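This report follows a few strands and the loops that join them, with attention to some backbone angles. Please keep the sequence and the structure in view while reading.

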Amino acid sequence: MKKVLTISILLMICGMMTLTAQIQHFTWQGTEREYLIRVPSQHTSPLPVLFFLHGLGDNITNYDQTFNFGQIAEEFGWAIVAPQALNQGIGAMWNAGLMPSSIDDAGFLMALLDSLTIQYQLDPDSVFFSGFSMGGFMTHRMAIMHGDRITACVPFSGLITTADAAQTPVAPVRMLHVHGTNDNVVGYNGYSTAFGMNLGLGVDAIMDYWQNANSCTGEPAIDTLPDLKNDGLRFIRYTYNCGTDLQLLKVVGGTHNWYDVAHNDVGYKEILYEFCSGHSLPSGVPARETGYLQVWPNPTNGVLNIQMPNSDSPAKDIQVFDVYGKLVDRGRGE
């Protein structure tokens with residue numbers, strides 16, 4: 001029998017194998033562009049594909065070594081494509097509308113997708129885009145310009161530029177935006193203290209933009225994820241009521257960093273895979289649909305029910321926090 005714990009609260013819960021990489025070349029609009037691709041050693045066709053876009057001034061060799069795309073390809077069972085941005089005077093930078101540029105990076109990325117789809121038998125119904133920092137900016141642009149061909153987008157610590165905010169997305173798109181509230185490089189409110197300038201829409205405005213694009217209604221469901229590690233962070237997930245999946249992962253206290261399950265309650269890699277595929281990695285935190293933990297009603301104004309499987313396990317201590325990380329009640333499952 002499943003356990004059900006009911007407690008009164010004072011506030012609402014808002015709450016393997018690594019292959020040697022070789023740089024590949026692809027000519028687009030008369031310019032030779034570079035990219036890396038990692039393919040799992042064993043897979044069936046068609047093959048899901050993730051385009052992962054690097055940050056400002058970075059390069060794909062460093063990105064590949066930092067994120068270990070070969071291992072990610074094996075774990076995900078996907079092709080991982082890491083394209084290289086061109087140098088625009090301040091280092092390698094994607095044209096996501098942050099500054100005037102004639103470089104058509106969005107066209108390059110779609111042309112590269114078309115070429116690799118034929119070569120590697122990629123799945124046109126499982127095309128995912130993600131990126132960190134400037135790569136997150138470009139992920140938003142890809143969703144706006146080519147969301148009709150992209151299955152899901154997950155920008156980390158990137159914004160929608162003012163130029164792109166004036167554009168109407170070509171289609172609704174599955175979107176998970178991830179951002180830290182203490183990010184001083186790409187500010188949560190759109191302002192960069194590191195660069196001393198505004199970079200685009202703040203996160204709240206970004207979510208309004210995508211709510212309008214995805215025909216959302218009402219208020220989002222809010223889950224404050226378990227806080228088990230002493231990392232000074234709180235991970236809060238907002239799930240919007242839309243015709244197409246739309247989520248925000250708000251990292252309270254989060255800075256301009258990539259978080260992982262070895263040191264944090266939530267790992268960005270696991271979150272990326274879960275949102276795009278609808279499943280959990282075998283080594284990751286179980287997805288909500290597995291029945292690992294059910295909490296209702298959410299939001300609540302008085303009584304909260306917490307249901308846990310496995311009645312043979314020992315009784316569990318329960319702690320309830322509000323969106324600011326303040327403990328508002330505690331109890332014990334029987």
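In this predicted model, β3 pairs with strand β5, residues 79–83, in the antiparallel sense, and four bridges join the two strands. Within this pairing, I37 stands opposite V81 in β5.

The strand β3 also has a partner in β2, again in the antiparallel sense, here over five bridges, and F26 stands opposite R33 in β3. Together β2 and β3 form a hairpin with two residues between them, and Q29 in the turn has a positive phi of about 55 degrees. This value belongs to a residue other than glycine.

Where else does a residue that is not a glycine have a positive phi of about 55 degrees? Such a value is found at S215, which lies in the loop between α6 (203–213) and β11 (221–224). The table sets out the two residues with their loops and values.

| Residue | Loop | Phi | Relative accessible area |
|---|---|---|---|
| Q29 | between β2 (24–28) and β3 | near 55 degrees | 56% |
| S215 | between α6 (203–213) and β11 (221–224) | about 55 degrees | 56% |

Are these residues buried or exposed? Q29 counts as exposed because its relative accessible area is 56% and the cut-off for exposed is over 50%. S215 counts as exposed too, with 56% relative accessibility.

A further backbone feature concerns a peptide bond: the one from S45 to P46 is cis, with omega near 0 degrees. P46 itself belongs to the loop that runs between β3 (31–38) and β4 (47–53).

How values were computed
Residues are numbered from 1 along each chain as its sequence is written. This is a predicted model: local features need pLDDT of at least 70, side-chain atom pairs count only at pLDDT 80 or more; totals for chains, interfaces and linings use all residues. Side-chain values use heavy atoms; hydrogens and water are left out. Buried means under 20% relative accessible area, exposed over 50%, partly exposed in between (1.4 Å probe, protein chains only). Two strands pair if DSSP finds at least two bridges between them.
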